[in-house]
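Good morning, and thank you for making time for this item. I should like to take you through one structure, beginning with how two of its helices meet.

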Amino acid sequence: MNPVHPPLIPAIRRFNRFYSNILGFLNQYVTNSEFSSAEVCVLLEIGQTENCTSKKLARELKMDTGYLSRTIKRLEKHNLVAKKRSEKDGRSYYLYLTEEGSDSLYKLMELSDEQIGYLTAELQEKNKKGLLEGMKMIEDALADSLLLFKKKPKLAKQTER
């Protein structure tokens with residue numbers, strides 16, 4: 001077992017449960033739309049990634065390539081995403097949002113922004129500042145550990161699934 005500061009484990013688990021509830025609130029806009037959470041993640045990542053490929057998406061989203069492929073096909077079927085063959089490598093395709101895909105993503109982001117605004121509207125300025133600083137602190141504290149964790153071999157329990 002790793003030498004972890006004992007109070008850290010239950011505190012992280014408690015925060016994870018709390019934050020999962022916040023994410024559930026923020027993701028309500030997805031359930032009120034025609035899109036699944038995975039489809040929204042794929043749309044967002046394609047919209048933010050230059051020269052986006054399926055391989056990049058799978059790596060960034062840590063999504064199974066078969067599931068990702070089916071998700072992209074659904075988005076293509078609804079004219080939200082299109083593919084363009086790479087001029088440098090004819091085997092590769094770049095993914096991009098169609099105009100309809102960009103419009104849909106924009107609407108989803110507006111709904112999400114409204115929910116975040118609702119969630120934080122009653123916070124005092126010092127608490128908003130503290131929230132920003134706290135989120136940055138968590139990202140900074142765990143970023144290096146996350147990189148090291150990704151390089152480690154999978155734990156036995158993870159590979160048995």
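Let me begin with a crossing: helix H4 passes helix H5 in a right-handed manner. Please bear in mind throughout that this is a predicted model. H4 covers residues 54–61 and H5 covers residues 65–77; their axes lie 10 Å apart, and the packing angle is about 120°. An angle of that value lies outside the ranges for roughly parallel, roughly antiparallel and roughly perpendicular, so H4 is classed as oblique to H5.

Which residues in H4 and H5 meet at this crossing? From H4 there are Ser54, Leu57 and Ala58, and from H5 there are Thr65, Leu68 and Ile72. Sorted by class, the contact of H4 with H5 has four nonpolar residues and two polar ones, with no charged residues.

I turn now to the preceding pair. The axes of H3 and H4 come within 11 Å, and they cross at roughly 120°. H3 is therefore oblique to H4, and the crossing of H3 past H4 is right-handed. On the H3 side, the residues in contact are Cys41, Val42, Glu45 and Ile46, and they meet Leu57, Glu60 and Leu61 of H4. The contact of H3 with H4 divides into five nonpolar and two charged residues, with no polar ones. Leu57 thus appears in the contact of H4 with H5 and also in the contact of H3 with H4.

That residue leads us to the interior. In soluble globular proteins, nonpolar side chains tend to be buried together. Here, the largest nonpolar core has 19 residues, and those with the most contacts inside it are Val42, Leu43, Ile46, Leu57, Leu68 and Val81. Which elements each supply at least two residues of this core? They are helix H3 (37–48), H4, H5, strand E2 (93–97) and helix H6 (99–120). H3 provides the largest share, namely five residues.

Ile46 deserves a moment of its own. Leaving aside residues up to four places away in sequence, Ile46 touches Cys52, Leu57, Val81, Leu95, Tyr96 and Leu97. Of these partners, Leu57 belongs to H4, and Ile46 itself belongs to H3.

Let us now step back to the whole chain. The secondary structure of the protein chain comes to eight helices and two strands. Read from the N terminus, the order of elements is α-α-α-α-α-β-β-α-α-α. The protein chain has 161 residues, of which 22% are buried. Taking contacts between residues at least 6 apart in sequence, 45% join residues at least 24 apart.

Finally, I would draw your attention to the backbone at two asparagines. Most residues other than glycine have a negative phi. Asn51, although not a glycine, has a positive phi of about 50°. Asn51 lies in the loop between H3 and H4, and its relative accessibility is 41%, so Asn51 counts as partly exposed.

What is the phi of Asn79 near? The value is near 60°, again positive in a residue other than glycine. Asn79 is found in the loop between H5 and strand E1 (81–85). Is Asn79 buried or partly exposed? Asn79 is partly exposed, because its relative accessible area is 41%, and buried would require a value under 20%.

To close, I return to the two crossings: H3 passes H4 right-handed, and H4 passes H5 right-handed. Thank you; I am glad to take questions.

Notes
Residues numbered from 1 in each chain as written. Predicted model: local features only at pLDDT ≥ 70, side-chain atom pairs only at ≥ 80, totals over all residues. Heavy atoms only, no water. Axes fitted to C-alpha atoms, helices over the stretch in contact; angles between N-to-C directions. Helix = DSSP H or I, 4+ residues; strand = E, 2+ residues; numbered from the N terminus. Parallel < 35°, antiparallel > 145°, perpendicular 65-115°, else oblique. Left-handed = near helix turned anticlockwise from the far one by under 90°. Contact = heavy atoms within 4.5 Å. Nonpolar A, V, L, I, M, F, W, Y, C, P; charged D, E, K, R; others polar. Core = buried A, V, L, I, M, F, W, Y, C linked by side-chain atoms within 4.5 Å. Buried < 20%, exposed > 50% of the residue type's maximum accessible area, 1.4 Å probe, protein only.
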